[in-house]
Amino acid sequence: MSKKYLFEKELQMSENNITCAECGSKKVNTTWEDNEFLYGEIKIKVKVPARQCSICKFQFLDWESEDIMGKAVDDYLKEKE
Ligand SMILES: [Zn+2]
């Protein structure tokens, strides 16, 4: 059985400190995108800051996305209790 769990939270952006993981450029744009991931059998939906380098067009997710996904799991577990 799976349940859909919604979690949306916008963290303060830290765009100034982002460096492209591919070419090292600091010209990286952020767009907030929906992302779904599985936690066990639970599907958790979050909004994550997707980065795209404006120089080499490389797209990536960084620690901030992982942080958001980790917090979504924490919130889910808290709500479950
Ligand atoms: Zn780049």
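In the hairpin that strand 3 and strand 4 form, five residues lie between the two strands, and one residue, Lys-57, takes a positive phi near 65°. This description rests on a predicted model, and it is worth staying with Lys-57 for a moment before turning to the rest of the chain. Lys-57 is found in the loop between strand 3 and strand 4, and its positive phi occurs in a residue other than glycine. Is Lys-57 buried or exposed? Lys-57 is exposed, because 10 other C-beta atoms lie within 10 Å, and a residue is called exposed when that number is 12 or fewer.

**The strands and their pairing**

The protein has one helix and four strands, and, read from the N terminus on, these elements follow the order β-β-β-β-α. Strand 3 takes part in two antiparallel pairings, one with strand 2 over 12 bridges and one with strand 4, to which two bridges join it. The table sets the two pairings side by side.

| Pair | Residues | Bridges | Sense |
|---|---|---|---|
| Strand 2 and strand 3 | 28-39 and 42-53 | 12 bridges | antiparallel |
| Strand 3 and strand 4 | 42-53 and 59-60 | two bridges | antiparallel |

Single residues can be followed across these pairings: Trp-32 has Pro-49 in strand 3 as its bridge partner, while Gln-52 stands opposite Gln-59 in strand 4. Strand 2 and strand 3 also form a hairpin, with two residues between them, and in its turn Gly-40 has a positive phi of about 65°.

**The nonpolar core**

Which residues make up the largest nonpolar core? This core has five residues in all, namely Ile-44, Val-46, Val-48, Ile-68 and Ala-72. Strand 3 and helix 1, which covers 63-80, each supply at least two residues of this core, and strand 3 gives the most, with three residues. Strand 3 is thus an element to look for in the structure, as a partner of strand 2, as a partner of strand 4 and as a contributor to this core.

**The chain as a whole**

Of the 81 residues in the protein, 15% are buried. Among the contacts with a separation of 6 or more, 60% are between residues 24 or more positions apart.

Some care is needed in reading the model, since confidence varies along the chain. The mean pLDDT is 84, and 80% of the residues reach 70 or more. Over residues 7-14, however, pLDDT stays under 50, and for this stretch the model has 14 contacts beyond four places in sequence.

Key:
Residues are numbered from 1 along each chain as its sequence is written. This is a predicted model: local features need pLDDT of at least 70, side-chain atom pairs count only at pLDDT 80 or more; totals for chains, interfaces and linings use all residues. Two strands pair if DSSP finds at least two bridges between them. A nonpolar core is a set of buried Ala, Val, Leu, Ile, Met, Phe, Trp, Tyr and Cys residues joined through C-beta atoms within 7 Å. A residue is buried if 20 or more other C-beta atoms lie within 10 Å of its own, exposed if 12 or fewer, and partly exposed in between; C-beta atoms are placed from the backbone. pLDDT is the predictor's confidence in each residue, from 0 to 100. Two residues are in contact if their C-beta atoms, placed from the backbone, lie within 7 Å.
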